[in-house]
Amino acid sequence: MSYKVHQFDINMETDSAKLEAFLNGLGGEVVTIIPNVRKTTLGQILGMTRKVDFILVVERT
């Protein structure tokens, strides 16, 4: 078995259709999805900045 790791830049509030199209376009099996979560800042608590910059999608090919 071999694995591929894809980095997917995402805005969690607006990119759900883009993520769905990406996942449906993969040829293998999705093993896991790992979000890259920033350290919490005051801007994130107040909702001014994003907490998740990108996600990693691990695909078994």
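In this predicted model, a charge turns up above an aromatic ring: the charged end of Lys 18 sits over the ring of Phe 8, at 5.7 Å from the ring's centre. As for rings meeting rings, a search through the whole structure turns up 1 aromatic pair.

Charges also meet each other here. Side chains of opposite charge can pair when their charged atoms come close. The count of salt bridges comes to 1, and the partners are Glu 29 and Arg 60, whose side chains meet at 3.6 Å, N to O. This pair ties together distant parts of the chain, since Glu 29 belongs to strand 2 and Arg 60 to strand 3, 31 residues apart. How open to the surroundings are the two partners? Glu 29 has a relative accessible area of 46%, so it counts as partly exposed. Arg 60, with 27%, is partly exposed too, because that category covers values between 20% and 50%.

Next to Glu 29 in the numbering comes Val 30, also a strand 2 residue. Its relative accessibility is 34%, so Val 30 is partly exposed. Leaving out residues up to four places away in sequence, Val 30 touches Leu 23, Val 57 and Val 58. Ser 16 is another story: it sits 14 residues from Val 30 along the chain, and their C-alpha atoms are separated by 17 Å.

Strand 3, which runs over residues 52-60, also holds Asp 53. Is Asp 53 buried or exposed? Asp 53 has 18% relative accessibility and therefore counts as buried, because the cut-off for buried is under 20%. With residues up to four places away in sequence set aside, the contacts of Asp 53 are Asp 9, Ile 10, Asn 36 and Arg 38.

Then there is Lys 39, found in the loop that leads from strand 2 (29-37) to helix 2. Lys 39 counts as exposed because its relative accessibility is 74%. How far is Lys 39 from Gly 28 in space? The two are 11 residues apart in sequence, and their C-alpha atoms lie 32 Å apart.

After the loop comes helix 2, covering residues 42-45, with Leu 42 as one of its members. Leu 42 has a relative accessible area of 61%, so this leucine is exposed. Leu 42 has company on the surface, too: together with Ile 45, Leu 46 and Met 48, it forms a nonpolar patch, and the four share about 500 Å² of accessible area.

Key
Residues numbered from 1 in each chain as written. Predicted model: local features only at pLDDT ≥ 70, side-chain atom pairs only at ≥ 80, totals over all residues. Heavy atoms only, no water. Helix = DSSP H or I, 4+ residues; strand = E, 2+ residues; numbered from the N terminus. Buried < 20%, exposed > 50% of the residue type's maximum accessible area, 1.4 Å probe, protein only. Contact = heavy atoms within 4.5 Å. Phe/Tyr/Trp six-rings, centres within 6.5 Å; stacked < 30°, edge-to-face > 60°. Lys NZ or Arg CZ within 6 Å of the ring centre and 35° of its normal. Patch = residues over 30% accessible without salt bridge, like charges linked within 9 Å, V, L, I, M, F, W, Y side chains within 5 Å. Areas by Shrake-Rupley, 256 points an atom, 1.4 Å probe, with all protein chains shown as cover.
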